[in-house]
Amino acid sequence: MKVLFISLGCDKNLVDSEHMSGILSNAGHEFTQDEMEADVIIINSCCFIHDAKEESIHTIFEMAVYKEHGNCKALVLAGCLAQRYYKEIKTEIPEIDICIGTTAIDEIARALDCFFEKKEKVQFIEDINKLSGVDAPRNLSTFGNSAYLKIAEGCDKHCTYCIIPKIRGSYRSVDMETLIKEAEGLAERGIKELILVAQETTMYGKDIYGEKSLHILLKKLARIEGIQWIRILYCYPEEIYDELIDTIAEEKKICHYLDIPIQHASDHILKRMGRKTDNRQLRDIIQKLRKKVPDIILRTTLITGFPGETAEDHEILMDFVNEMEFDRLGVFTYSMEENTAAADMPDQIEEELKVSRRNEIMELQQDIVFDISKRHIGKTYVAMIEGKISGEHAYLARTYMDAPGVDSNIFIITDEELMTGDFVKVKVTGTNDYDLIGEISNR
């Protein structure tokens, strides 16, 4: 059958979609991007925040149209929304024929077989704390020469605003042998940049090896021939440890880039969020990282409008952002999620005020980033070519400072013929808002 995949939400979800696609390939199915010709439409859904849930539901009804006006014979819902609401979906969204939970992705081919054999709706919802699909075949969907490597599943943090532990389970690391084998396979397929992801990468290995082992995994990955960059996302600040910092500083293939979601900087709000750090500890961690790895790029995410956030809390956060000068920063407004502790807290904030506070932070961050960008002028960096700009003597590229899809780019002006995946030295000659402009450097 011809299958159409729609992957929503985070990069961890994308990895699950790629594994499901690989399983279906092995089962003899083909793939299409045309909704009209698809026999099966699979939506790998997200419901982390309200907007993500709305997008998932909208996509379901948008794709359900092709059951009447296309070739679709089975509409499949996988991922977080399926796991969280499978009981309600069975009765309230009859358009869904197959429901696949977050730990049942390796059953995708069997689920299709069951549906078409029995001619009745099926649900595969399994133990939330099992690992699913980690060693399954995988069809890459990322552009260029980068790929995500999901090193763990689930989370044990239980932040008061977050539903993830209830739909993704407790923290489970994927063993190193499986990850090394997958990474070697990716390198053989031309992947040059590995991007390590999990709900939290810094706790890797604690559950299966008895101690944090991300630094050991990184050293093993760095030995793989063909891999030139290794990037780490989703590092909880309180779990960053000395051996990890030393490994980032010493191993040449590891990008001096760290994504540290801090969420806030007011002790009052951090405590209400159930976070494990306070303002002083955050400052100390950032100072240590910048001291040991002077050229490190730090990315973070924040939440505005958390229940009980006062004007003073907001000012503390603004001051922190101004002082820390994060290289990359994103801001979300607080989203009230059912069955979380924060949803029952008093002093919920009006949406208009949440947005206003988010906009203030983003305006401040814009000024910071524009200033940081100017500091790069005249410096030379290694960049990976992502593609040629149509009709221009220019290429789109990234340096170690930018993760694909979320950060900035560098535009390289040159008459040289370059290939996607090439690594070149680039001298920064200017800026264009968040992006850099450069030229090939021979020095």
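Reader: Which residues gather in a patch of negative charge on the surface?
Author: This is a predicted model. Its surface carries a patch of negative charge. The members are Glu315, Asp319, Glu360, Glu363 and Asp367.

Reader: Which elements give two or more residues to the negative patch?
Author: Two helices do so. One spans 311-324 and the other 351-375. They are α13 and α14.

Reader: Which element gives the largest share of the negative patch?
Author: The largest share is 3 residues. Asp367, a patch member, has its place in this helix. The element is α14.

Reader: Is Asp367 buried or exposed?
Author: Its relative accessible area is 52%. The cut-off for exposed is over 50%. Asp367 therefore counts as exposed.

Reader: What is the class of Met362, by its relative accessibility?
Author: Met362 also sits in helix α14. Its relative accessibility is 27%. Buried needs under 20% and exposed over 50%, so a value in between gets the middle class. Met362 is partly exposed.

Reader: What distance separates the C-alpha atoms of Met362 and Glu243?
Author: Along the chain, Met362 and Glu243 are 119 residues apart. In space, their C-alpha atoms are separated by 33 Å.

Reader: How many aromatic pairs does the structure hold?
Author: Rings pair if their centres lie within 6.5 Å. Phe306 and Tyr334 form such a pair, at 5.2 Å centre to centre. The count for the structure is 8.

Reader: What is the geometry of the Phe306 and Tyr334 pair?
Author: The angle between the planes is 70°. Planes over 60 degrees apart count as edge-to-face. The pair of Phe306 and Tyr334 is edge-to-face.

Reader: Where do Phe306 and Tyr334 lie, and how many residues apart are they?
Author: Phe306 is in the loop between β13 and α13. Tyr334 is in the loop between β14 and α14. Both residues are buried. The pair links distant parts of the chain, 28 residues apart.

Reader: Why is the pair of Phe320 and Phe326 tilted?
Author: Phe320 and Phe326 are both buried. Their ring centres are 6.2 Å apart. Stacked needs planes under 30 degrees apart and edge-to-face over 60, so the rest are tilted. The planes of Phe320 and Phe326 stand at 40°.

Reader: Which residues form one aromatic cluster with Phe306?
Author: Phe306 pairs with Tyr334. The cluster also includes a tyrosine at 161. The residues asked for are Tyr161 and Tyr334.

Definitions and conventions:
Residues numbered from 1 in each chain as written. Predicted model: local features only at pLDDT ≥ 70, side-chain atom pairs only at ≥ 80, totals over all residues. Heavy atoms only, no water. Patch = residues over 30% accessible without salt bridge, like charges linked within 9 Å, V, L, I, M, F, W, Y side chains within 5 Å. Areas by Shrake-Rupley, 256 points an atom, 1.4 Å probe, with all protein chains shown as cover. Salt bridge = Lys/Arg side-chain N within 4 Å of Asp/Glu carboxyl O. Lys, Arg positive; Asp, Glu negative; His and termini not counted. Charge placed at Lys NZ, Arg CZ, Asp CG, Glu CD. Helix = DSSP H or I, 4+ residues; strand = E, 2+ residues; numbered from the N terminus. Buried < 20%, exposed > 50% of the residue type's maximum accessible area, 1.4 Å probe, protein only. Phe/Tyr/Trp six-rings, centres within 6.5 Å; stacked < 30°, edge-to-face > 60°.
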